[in-house]
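Hi,

Here is the structure I promised to pass on, with my notes underneath. Have a look at it first, and then read on.

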Amino acid sequence: MSSGGGFAVGVTVVPVDQAPAPWEPADPEPARWDDPLGELLPPRRSAAEATALLQQIVVAEAKLAALRAELVMDLAAARPAPADPPRGAETTGEVGPAGVSEFLPDELAMIHNCSRAAAVTLLEHAQVLTTLLPATYGQLRQGRLDWPRARAVAAEVAATGRETDPVVIAGMEAVVLPCSAELSVRRLRGSVRAGLLARDAAAADRRRQRARQAADVTVRPVGDGMSELRALLPHPEARACRDAVDQHARAAKEAGDPRPIGMLRAGALADLVLQPWQDRPAVTAQLTVVAPLDALTPGPPLTAGAPRPAASARPGAAAPVAHVDGEPITATHLRELLAQLDALDVHAPPGGTLDIAITGSTGALLAVIGRRELARLAATGCPEHPADPEHPHRRCACPLLGRPGPVDRYRPSAAQQRFLRVRDRSCWHPGCSVRAGWADLDHVVAHADGGETACENLCCLCRRHHRLKTFAPGWRHTVSEDGVLTVITPSGVTRVSRPPGHRVITERPQPPPPLPDPDADPPPF
């Protein structure tokens, strides 16, 4: 498709009123910013000028949305599906237009820096608008219909399925489009749905079937230790579940429970689902404690319940970090870590495991160790410099712990798997949040091409993005020594994915402190 003329987006500036505006920027001089648009606009605008500009922005956004839809289809035309799809390819045609590469949504997600789900929706709306809704697309292209309403029409048409007769869609469009700007988005969606169902009785069954197949239960963290549990169900079942939960909550309220009714509903739902009164198989948990290396500096012994001394006296200051990323983890560090865990009474949950992740100055993972292994290393110390009872203050700087070394085979070792899943925590493709426990450990440089089975050449990728890296032509992946993954699309868009907690140090690094002399006595105090 051509993405040429017809997309002029202009802004008309009305002369400025001499009366002062109720709000003024702190510095009305736009010259100090590199802002060409700001140079075209007056520093103070009246209410009439602001209103006129806002209306022009709505028109400009509509034209840009139409241009984006056309460009998405241009990209789709440049990414045809291979004649011989790789094994496991999505051949159902449910993602994007038929005959288009299954990896196109991933490239769109990289271009827009959004989730793959958002990219799939964008691709679907672009196809529906440019192929099935020519009148709606024409109104959007001219700025006569705003993007939220055009998107609503496209979403309702897409929900009926690709089996809908174009004649039915055209009949609905001819009736609904003339009054679409007068309706709210919600009422517009209802009018589109009613217009389609009135002309195609089978469309209602297709919509219900598609909606049932989309049923799911999901969890979305909302912060402050809380998450939102969402269940997409047929309406009668959803209504019945809500009523049952409400009845249990109101019964508890009438029995004298002082908690808010919403809190009682949430508790009733948890009890009905988890049924804590029944015997169930034990649920194991894996606890990972992240210990920055700088926090493991020797100091006065901690006692249970006693707070650790503040890392910085300056309010709001960040905790100090190690001087050199990759500083060796010594026996002194391990003994201090063990003392802190004992003081805080940190142990593995019943039936579960406890891993301690030790990180460096940039947040890069240096090592992962279990509780028993930590106690063993802390007790034995350095084999080259055993503890001297006559000089207990001498400290050895020899490294005792680090990342697992490479193995001479394709499958990663158990130690590598533990290290990488703690380091990455999820699929490492930019924007993907599939948990590391469900992901593959993939060689960035393929093992068949000479890539080592080493932590520096491995990362967690979900099955979809593992296949993308393996089969999608033109994609490039590189990983740094500390696990920073760089992905470049066939069109040259570059995104970087950093391990959780990884920081970019912008200030000049400080020189490392001198290593202690294991043969020197401590200074007197």
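In this predicted model, the search for enclosed spaces gave 3 cavities of 30 Å³ or more. Rolling a probe the size of a water molecule over the atoms is what shows where empty space is left. The largest cavity holds about 40 Å³ of space. Its lining is made up of Thr136, Val153, Met172, Glu173, Val176, Leu177, Ser180 and Leu188. By type, these lining residues split into 5 nonpolar, 2 polar and 1 charged. Helix α7 gives the most to this lining, with 3 residues.

Next, the pockets. The second largest pocket has a volume of about 780 Å³. It is lined by 30 residues, and those closest to its centre are Glu124, Ala158, Ala159, Gly161 and Arg210. If you would like to find the walls on your screen, look for these helices, each of which supplies at least two lining residues:

- α4, residues 116–131
- α6, residues 147–159
- α7, residues 166–176
- α8, residues 185–199
- α9, residues 202–213

Which helix gives the most to the lining of this pocket? That is α4, with 7 residues. The character of the lining is mixed, with 12 nonpolar, 8 polar and 10 charged residues.

While you are on α4, take a look at Thr130, which lies in that helix. Is Thr130 buried or exposed? Its relative accessibility is 16%, so Thr130 counts as buried, the cut-off for that being under 20%. The side chain of Thr130 also has backbone oxygens to pair with: a polar atom of this side chain lies 2.7 Å from the backbone oxygen of Ala126. For the backbone oxygen of Gln127, the distance to a polar atom of the Thr130 side chain is 3.5 Å.

Ala251 makes a nice contrast to look at afterwards. It sits in helix α10, which covers residues 235–254. With a relative accessibility of 44%, Ala251 counts as partly exposed, because that class runs between the 20% and 50% limits. Ala251 is 13 residues from Leu264 in sequence, and their C-alpha atoms are 9.6 Å apart in space.

Now for the strands. Strand β4 spans residues 353–359, and 6 of its 7 residues are buried, so this strand is largely enclosed by the rest of the structure. Its partner is strand β5, residues 365–370; the two run antiparallel and are joined by 5 bridges. Within this pairing, Thr359 stands opposite Leu365 of β5. The hairpin formed by β4 and β5 has 5 residues between the strands, and Gly363 there takes a positive phi near 85°.

Finally, the chain as a whole. How many helices and strands does the protein chain have? There are 15 helices and 10 strands. The chain is 525 residues long, and 34% of them count as buried. Among the contacts with a separation of 6 or more, 64% are between residues 24 or more positions apart.

That is everything from my side for now. Happy to go through any of it with you.

Best wishes

Technical notes
Residues numbered from 1 in each chain as written. Predicted model: local features only at pLDDT ≥ 70, side-chain atom pairs only at ≥ 80, totals over all residues. Heavy atoms only, no water. Helix = DSSP H or I, 4+ residues; strand = E, 2+ residues; numbered from the N terminus. Buried < 20%, exposed > 50% of the residue type's maximum accessible area, 1.4 Å probe, protein only. Pairing = 2+ DSSP bridges. 1 Å grid on protein atoms, 1.4 Å probe; cavity = no way out; pocket = protein on both sides within 12 Å on 5 of 7 lines; lining within 4 Å. Points joined across faces, edges and corners; volume = space filled by probe spheres on them. Nonpolar A, V, L, I, M, F, W, Y, C, P; charged D, E, K, R; others polar. Polar contact = N/O pair within 3.5 Å; in protein donor to acceptor, adjacent residues only side chain to side chain. Contact = heavy atoms within 4.5 Å.
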